[in-house]
Amino acid sequence: MSKETSLHGVHKGLGALFTDFAGWSMPIRYSSELAEHKAVREAAGLFDLSHMAEIEVTGPQAAETLDYALVGNLSGVKPGRARYTMICDENGGVLDDLVVYRLADEKFLVVANAGNAGVVAEALAERVSGFDAVVENKSEDVALIAVQGPKAVEILGAVTDADLGALKYYASVPAVVKGHDVLLARTGYTGEDGFELYVPAGEAPVVWRILTDAGEPHGLLPAGLACRDTLRLEAGMPLYGNELSLQLSPFEAGLGRVVKFEKPGDFVGKAALEELSKKDVPRVRVGLKGSGRRAPRHGYTVLAGDTEIGEVTSGALSPTLGYPIAMAYVDREHSEPGTELSVDIRGRIEPVEVVALPFYSRA
């Protein structure tokens with residue numbers, strides 16, 4: 001039986017089509033994924049992300065705990081700021097990619113992907129051992145609503161006391177939305193400007209309604225997981241289970257920059273990651289641009305001539321750009337932008353070109 005977010009009834013009322021995602025019943029689309037995608041790029045979209053996991057780490061050694069548990073330098077993050085990072089196993093494989101908010105000197109919020117919620121909570125609970133800190137899974141109590149798109153500032157500005165102009169990208173601030181206390185963060189997964197609101201679960205339907213009403217004059221639409229996937233693909237953002245996995249290190253993914261060897265002390269996976277950082281990884285993540293209308297999909301084979309040299313991890317016909325795009329892992333010698341390759345799309349060999357990521361950047 002799939003779990004339901006505190007906004008499930010709202011989505012049903014809006015006529016959403018649901019899918020099971022990481023054990024949660026989530027809206028995949030409301031009207032059409034193309035209309036929802038377009039709304040986020042041109043106006044704004046409203047997302048329910050309450051399936052994500054929220055884990056608090058508090059105490060005098062909260063920062064040291066996270067420095068040891070994760071690959072990033074969390075003690076270097078100032079209160080009110082956030083950091084994209086990863087949690088790895090001893091072999092350097094990625095358990096999950098995370099956003100970590102420092103809410104105060106001794107208080108952090110770790111946000112994990114829904115499918116990895118248990119793995120991350122368990123790993124943090126183990127890794128806190130020996131530190132003066134407490135790990136507490138708050139996922140049941142917290143709903144997460146995102147407003148993403150160029151009109152997000154106008155929409156949210158009409159209903160909050162927060163100074164949105166002063167809120168930097170990857171920063172957060174406690175705020176009030178029409179009488180409701182929220183943690184307001186300028187983060188997102190769409191390639192657009194936007195905000196994520198961490199809300200007490202019981203208040204989420206009211207906050208959703210407030211944002212819907214404020215957004216109506218600006219063209220805001222409720223947006224499902226289908227368009228979230230095409231938006232993040234255009235923005236070149238990895239998805240755990242596709243571009244990231246336990247079999248891959250941050251270096252194959254082209255995200256070695258998140259691993260901070262210079263931070264003080266040891267961290268889980270450090271020795272293995274140091275070894276990996278000294279070698280050229282055999283396969284790397286690249287962008288692929290197609291022509292025509294047939295898009296490469298997850299699991300399709302990438303070819304150089306007749307030779308298999310890689311595999312597609314995500315692909316779609318880009319709603320914004322109008323041509324097929326994909327991310328893939330390919331052999332290093334075929335990874336230079338401009339390289340001509342092909343993909344086996346259900347028995348038809350279609351030409352693709354290696355291009356730099358992201359495919360889309362907002363102006």
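Arg-41, Glu-192 and Glu-234 are linked in a network of salt bridges. A salt bridge here is a side-chain nitrogen of Lys or Arg within 4 Å of a carboxyl oxygen of Asp or Glu. Before I go on, a word on the model: it is predicted, so local features need pLDDT of at least 70 and side-chain atom pairs count only at pLDDT 80 or more, while totals for chains, interfaces and linings use all residues. Residues are numbered from 1 along each chain as its sequence is written, and side-chain values use heavy atoms, with hydrogens and water left out.

Back to Arg-41. Arg-41 is one of the buried residues of helix 2, which covers residues 33-42. Buried means under 20% relative accessible area, exposed means over 50%, and partly exposed is in between, with a 1.4 Å probe and protein chains only. Helices (H or I, at least four residues) and strands (E, at least two) are DSSP runs, numbered from the N terminus. The other buried residues of helix 2 are Glu-36, His-37, Ala-39 and Val-40. What do the buried residues of helix 2 pack against? They pack against strand 3 (24-29), strand 4 (45-48), strand 10, strand 14 (221-222) and helix 7. Contact means heavy atoms within 4.5 Å.

Strand 10 spans residues 142-148, and Gln-148 is in it. Gln-148 has a relative accessible area of 1%, so it is buried. Its C-alpha atom is 9.6 Å from that of Ala-223, and the two residues are 75 apart along the chain.

Now helix 7, where Arg-228 is found. Which side chain of opposite charge is nearest to Arg-228? It is Glu-196, 4.9 Å away; Arg-228 is buried yet has no salt bridge. For charge, Lys and Arg count as positive and Asp and Glu as negative, with His and the chain ends not counted. Leaving aside residues up to four places away in sequence, Arg-228 touches Phe-47, Leu-49 and Tyr-189.

Next, the salt bridges in general. Side chains of opposite charge can pair when their charged atoms come close. The whole structure has 14 salt bridges, and I will go through three of them. Glu-33 and Arg-29 meet at 2.7 Å, N to O. Glu-33 is partly exposed at 31% relative accessible area, and Arg-29 is partly exposed at 25%. Lys-138 and Glu-136 meet at 3.5 Å, N to O. Lys-138 counts as partly exposed at 22%, and Glu-136 is partly exposed at 40%. The third joins Glu-275 and Lys-278 at 3.4 Å, N to O. Here Glu-275 is partly exposed at 43%, whereas Lys-278 is exposed at 65%.

On to the rings. How many aromatic pairs does a search of the whole structure find? It finds five. Rings of Phe, Tyr and Trp (its six-membered ring) pair if their centres lie within 6.5 Å; planes under 30 degrees apart count as stacked, over 60 as edge-to-face and the rest as tilted. Tyr-101 and Tyr-198 make an edge-to-face pair, because their planes are at 75°, with the ring centres 5.6 Å apart. Tyr-101 lies in strand 7 (residues 94-104) and Tyr-198 in strand 13 (residues 194-200), so this pair ties together parts that are 97 residues apart in sequence. Both tyrosines are buried.

Phe-251 and Phe-261 have ring centres 6.5 Å apart and planes at 10°, so they are stacked. Both lie in the loop between helix 7 (225-234) and helix 8 (270-277), so the parts tied together are 10 residues apart in sequence. Phe-251 is buried at 18% relative accessible area, while Phe-261 counts as partly exposed at 23%. Ring pairs link these two and Phe-267 into a cluster.

Phe-267 also has a charge over its ring: the charged end of Lys-263 sits 4.4 Å from the ring centre. The test is that NZ of Lys or CZ of Arg is within 6 Å of the ring centre and within 35 degrees of the ring normal. Lys-289 does likewise over the ring of Tyr-323, with its charged end 4.8 Å from the centre.

Last, the cysteines. A disulfide is a covalent bond between the sulfur atoms of two cysteines. The cut-off used is a pair of cysteine sulfur atoms within 2.5 Å, and the structure holds zero disulfides. Cys-88 counts as buried because its relative accessibility is 0%, and Cys-227 is buried, also with a relative accessible area of 0%.
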